[in-house]
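The following paragraphs go through one protein chain, from its strands to its core and then to a few single residues. Keep the sequence and the structure open while reading.

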Amino acid sequence: MCCRQLCRRTTCLLLFLLQIVELVPGGREIKVTESNKRDYVNLIARHRMTTSIKAQLQAFLDGFWQLVPRELISIFNDHELELLISGLPDIDVVDLRANTEYTGFTPASPVIQWFWQVVCEMDKQDSALLLQFVTGTSKVPLGGFKSLQGISGPQRFQIHKSYGATDRLPSAHTCFNQLDLPEYESKEQLAERLAMAIHEGHEGFGFG
């Protein structure tokens, strides 16, 4: 069924009963088109991951807050809380580099050489922030980076060339473990822009 045949609603199977849920008021009458398909994806993702399991999420939170008072963790965002719970990982840069794929660059490109030099010079915290920035989590796969997973299954660490102005920050698409890297003019510029991205922009998301 093509996008134009879908309405902005979702159909749920609830105890063998078919239930139609409007994602927006009057959603059953709104067709999904090229111009609103991004809104549709956001709405259905929000419904399936939050509103449709609201009772279960609230039960979990009530139990969690009994163990850890809400006011004690409210100062942390989700990324900081993950690092607090899981600790800083030991990231094998050699393994990560061996399991990285490139688009628009080659392993011999100056920017790629500078990138890996910068990563090797990072401390454990910045290495964890970089991994979190690109993949959405600071956890290292049990089987090493060859076992890294993406939205559709196994997906290696990706570095794609970002065309345009060379003073822009790197960006990431966590569903694809993809780092979009401008072709910086020096190692120092790359280090400065990458540090700013992983520290200040780690909550960003790229929609490819």
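Two strands are said to pair if DSSP finds at least two bridges between them. With that in hand, the strands are a convenient place to start, bearing in mind that the model is predicted. β6 and β8 pair in the parallel sense, over five bridges. Gln158 of β6 has Gln178 as its bridge partner in β8. β6 also pairs with β3, again in the parallel sense, here over four bridges. Two of the residue partners can be followed by eye: Glu101 is bridged to Gln158 in β6, and Thr103 is bridged to His160 in β6. Gln158 can thus be traced both to Glu101 and to Gln178.

How do the faces of β3 differ in cover? Strand β3, residues 100-103, has Thr100 and Tyr102 on a covered face, while Glu101 and Thr103 make up an uncovered one. In a regular strand the side chains alternate between the two faces of the sheet. For β6, the count of buried residues is five of six, so the strand is largely enclosed by the rest of the structure.

Ser162 is found in β6. Its relative accessible area is 14%, and because buried means under 20%, Ser162 is buried. Leaving aside residues up to four places away in sequence, Ser162 touches Arg168, Asp180, Leu181, Pro182 and Glu183.

The loop between β7 (171-173) and β8 contains Asn177. Asn177 is buried, with a relative accessible area of 1%. Its phi is near 55°, a positive value in a residue other than glycine. Most residues other than glycine have a negative phi.

Next comes the nonpolar core. The largest one has 31 residues, and those touching the most other members are Phe115, Trp116, Leu130, Ile159, Leu181, Leu190 and Leu194. Two or more residues come from each of α5 (93-98), α6 (110-121), α7 (124-135), β6 (157-162), β8 (178-182) and α8 (187-200). Apart from this core lies another, of six residues, including Leu23, Val24, Val32 and Leu43.

Leu130 gives a view of the packing in the largest core. Not counting residues up to four places away in sequence, Leu130 touches Phe115, Val119, Met122, Leu194 and Ile198. Leu130 is one of the buried residues of α7. That helix is mostly covered, with ten of its twelve residues buried. Besides Leu130, the buried residues of α7 include Asp126, Ser127, Gln132 and Thr135 as well as Leu129, Leu131 and Phe133. From its first C-alpha to its last, α7 reaches 16 Å, close to the 16 Å expected at 1.5 Å a residue.

What aromatic pairs does the structure hold, and how many? There are two. A pair of aromatic rings is described by the distance of the centres and the angle of the planes. Phe60 and Phe64 form a stacked pair, 6.0 Å centre to centre with 15° between the planes. Both lie in helix α2 (residues 54-67), four residues apart, which is about one turn of the helix. An α-helix has 3.6 residues a turn, so residues three or four places apart point the same way. Phe60 counts as exposed, at 56% relative accessibility, and Phe64 counts as partly exposed, at 24%.

Phe115 and Trp116 form an edge-to-face pair, 4.9 Å centre to centre with 75° between the planes. Both of these residues are buried. They were met above among the residues that touch the most other members of the largest core.

Finally, some totals for the chain. The chain has eight helices and eight strands. Of its 208 residues, 35% are buried. Its accessible surface comes to about 13000 Å², and 58% of that belongs to carbon and sulfur atoms. Among contacts between residues at least 6 apart in sequence, 56% join residues at least 24 apart.

Technical notes: Residues are numbered from 1 along each chain as its sequence is written. This is a predicted model: local features need pLDDT of at least 70, side-chain atom pairs count only at pLDDT 80 or more; totals for chains, interfaces and linings use all residues. Side-chain values use heavy atoms; hydrogens and water are left out. A nonpolar core is a set of buried Ala, Val, Leu, Ile, Met, Phe, Trp, Tyr and Cys residues joined through side-chain atoms within 4.5 Å. Buried means under 20% relative accessible area, exposed over 50%, partly exposed in between (1.4 Å probe, protein chains only). Contact means heavy atoms within 4.5 Å. Accessible areas come from the Shrake-Rupley method with a 1.4 Å probe; for residues, only the protein chains shown count as cover. Rings of Phe, Tyr and Trp (its six-membered ring) pair if their centres lie within 6.5 Å; planes under 30 degrees apart count as stacked, over 60 as edge-to-face and the rest as tilted. The expected span of a helix is 1.5 Å times one less than its number of residues.
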